[in-house]
Amino acid sequence: MRGFVALCRRVNIWLNTVAEAVLFIMLMLTVVDVVLRAFGRPIVGTYELVAIFGAIVIGFAVPQTSWDKGHVYVDFMIENRSAAVKNAWYIGTRIVGIGLYAFLSYGLLMKGIGLYKSHEVSLTLHIPYYPAAYGLALCFLVECFCLVTDIFRIFTEEEDKA
């Protein structure tokens, strides 16, 4: 069990590191494009790259944000309930999340396959879209495992569930 939790943690850190690197590249690309526009030499395809990079940053940061419990959490419905009710609510929401992210992962995998078969690319730079769809599918699959790990952690660790 501890090995699964450790593996999930390492994968989350790796995905978040990718998100951080892509965010930095996106920032630098935008800054350089703005500066070069002042000289009448904008970077071609910046809009496409920033859009693709934005999807990658958001998707790759989801598992780590979930692990760190950095998302918005509204607990007014369960704040005055017993520990058993809180745990049941916590497990129930994780199960719903697992279903949602599994559905998203499968949908993005199918979308990636469709994009690959159709050879769809961006208009200006002709960058294929399917790697981004596959990457997001992987991230949401990892999020499913992260939510499963959250359920296991409720029984093995005494921590705040918020």
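## Salt bridges around D150

In this predicted model, R94 and D150 are both buried.

**Exercise 1.** Determine which kind of contact joins the side chains of R94 and D150, and where in the chain the two residues lie.

*Solution.* Begin with the distance: the N to O separation of the two side chains is 3.3 Å, and since a salt bridge requires a side-chain nitrogen of Lys or Arg within 4 Å of a carboxyl oxygen of Asp or Glu, the pair counts as a salt bridge. Next, place the partners: R94 belongs to helix α3 and D150 to helix α4, so that this pair links distant parts of the chain, 56 residues apart.

**Exercise 2.** Explain why the salt bridge between K69 and D150 ties together separate parts of the chain.

*Solution.* First, the side chains of K69 and D150 form a salt bridge at 3.4 Å, N to O. Because K69 sits in the loop between α2 (46-67) and α3 (83-118), whereas D150 is in helix α4 (residues 130-156), the contact ties together parts that are 81 residues apart in sequence. Finally, K69 is buried, as is D150.

**Exercise 3.** Work out how D150 and R153 are placed in helix α4, and which residues their salt bridge joins into one network.

*Solution.* The side chains of D150 and R153 meet in a salt bridge of 3.4 Å, N to O. Because the two residues are three residues apart in helix α4, about one helical turn separates them. Both D150 and R153 are buried. Through salt bridges that share partners, K69, R94, D150 and R153 are joined into one network.

Technical notes: Residues numbered from 1 in each chain as written. Predicted model: local features only at pLDDT ≥ 70, side-chain atom pairs only at ≥ 80, totals over all residues. Heavy atoms only, no water. Helix = DSSP H or I, 4+ residues; strand = E, 2+ residues; numbered from the N terminus. Buried < 20%, exposed > 50% of the residue type's maximum accessible area, 1.4 Å probe, protein only.
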